[in-house]
Amino acid sequence: MAYRAGSEYLADLRLLPGEDPLTPFAEDARQWVTVYTELAGFAARSLARLHVNGRLPSVNGDRDQLEARARHLEARLAFWRQRSWQLGGVEFEAEPRRLRHLGREVVLTRREAQLFAFLSAHPGQHFTAERLKAEAWHAPYLSEEQLRSYVARLRARLRELRIPSSIRSEAGRGDALVLDPEA
């Protein structure tokens, strides 16, 4: 997604105070990922509560407004995730499964590419083995050993490319791809 110069175009994006889509700083982009992750999560939880309760205090137009706001927040989050990777010098092509970083390149296996695509779309968010198998690969039949093998192989690929990130595992929470300038 490219941004044209011009205040009227940027104003149409409904940016938050201080948000600069053209920032050259990776740390700023990572911070906006954090901000929009929280805001999008809050909007999603609010919508979930409305769907459970089946009503709003006022008219259904409020639900439509909240749904539109949630879509906007998700779009901003997707932008900042992509911008964060871009500013970090990371490029990923799902087909032909190429991962590049600052002039280095590897071709990932299909499962590695699926895992990277899924985790990089949700940086910093932990996923249990069951969720990774179901959501990253749509293959809940995979064994825990296969999952650990793919995670280990992807970790090795990230180290090989010297991408400033790591896959972190936490007991009870699962695995997360963490953007880490010191990695």
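In the predicted model, tryptophan 137 is in contact with Arg111, Gln114, Leu115, Leu132, Leu142, Leu147 and Tyr150, its neighbours within four places in sequence being left aside. Trp137 also belongs to the largest nonpolar core, which has 27 residues. Together with Leu99, Leu115, Phe116, Leu119 and Leu132, Trp137 is one of the residues that touch the most other members of this core. At least two core residues come from each of α4, α5 (129-136), α6 and β5 (174-179). The contribution of α6, at six residues, is the greatest. A separate core comprises 13 residues, including Trp32, Tyr36, Ala70 and Leu73.

With respect to overall organisation, the protein chain contains six helices and five strands. Read from the N terminus, these elements follow the order α-α-α-β-β-β-α-α-α-β-β. Buried residues make up 39% of the 183 residues in the protein chain. Among contacts with a separation of 6 or more, 51% are between residues 24 or more positions apart. The exposed surface of the protein chain amounts to about 10600 Å², of which 53% is supplied by carbon and sulfur atoms.

An open sheet is formed by three strands in the order β1-β2-β3, with antiparallel pairing. Strands β1 (90-93) and β3 (104-107) occupy the edges, each pairing on one side only. From one strand to the next, the twist averages 15°. Strand β2 (residues 98-101) and β3 run antiparallel and are joined by four bridges. Histidine 101 is placed opposite arginine 104 of β3. Helix α6 lies across β2 and β3, and its direction is at about 160° to that of β3.

Side chains of opposite charge can pair when their charged atoms come close. In this model, twelve salt bridges were counted. One of these involves arginine 153 and glutamate 112, whose closest N and O atoms are 3.1 Å apart. Because arginine 153 lies in helix α6 (residues 144-161) and glutamate 112 in helix α4 (residues 110-120), this pair ties together parts that are 41 residues apart in sequence. The two partners differ in accessibility: arginine 153 is partly exposed, with a relative accessible area of 33%, whereas glutamate 112 is buried, at 2% relative accessibility. Glutamate 112 also forms a salt bridge with arginine 157, with the closest N and O atoms 3.8 Å apart. This second pair again links distant parts of the chain, as arginine 157 belongs to helix α6 and glutamate 112 to helix α4, 45 residues apart.

A salt bridge within a single helix joins the side chains of glutamate 27 and arginine 30, at an N to O distance of 3.1 Å. Glutamate 27 and arginine 30 are three residues apart in helix α2 (residues 26-53), so about one helical turn separates them. Glutamate 27 is partly exposed, with a relative accessible area of 45%. In addition, a network of salt bridges links Glu91, Glu93, Arg98, Arg100 and Glu105. Within this network, Glu91 and Glu93 fall in edge strand β1 (90-93), Arg98 and Arg100 in strand β2 (residues 98-101), and Glu105 in edge strand β3 (104-107).

Technical notes. Residues are numbered from 1 along each chain as its sequence is written. This is a predicted model: local features need pLDDT of at least 70, side-chain atom pairs count only at pLDDT 80 or more; totals for chains, interfaces and linings use all residues. Side-chain values use heavy atoms; hydrogens and water are left out. A salt bridge is a side-chain nitrogen of Lys or Arg within 4 Å of a carboxyl oxygen of Asp or Glu. Buried means under 20% relative accessible area, exposed over 50%, partly exposed in between (1.4 Å probe, protein chains only). Two strands pair if DSSP finds at least two bridges between them. Axes are lines fitted to C-alpha atoms, for helices over the stretch in contact, and angles run from 0 to 180 degrees between N-to-C directions. Contact means heavy atoms within 4.5 Å. A nonpolar core is a set of buried Ala, Val, Leu, Ile, Met, Phe, Trp, Tyr and Cys residues joined through side-chain atoms within 4.5 Å. Accessible areas come from the Shrake-Rupley method with a 1.4 Å probe; for residues, only the protein chains shown count as cover.
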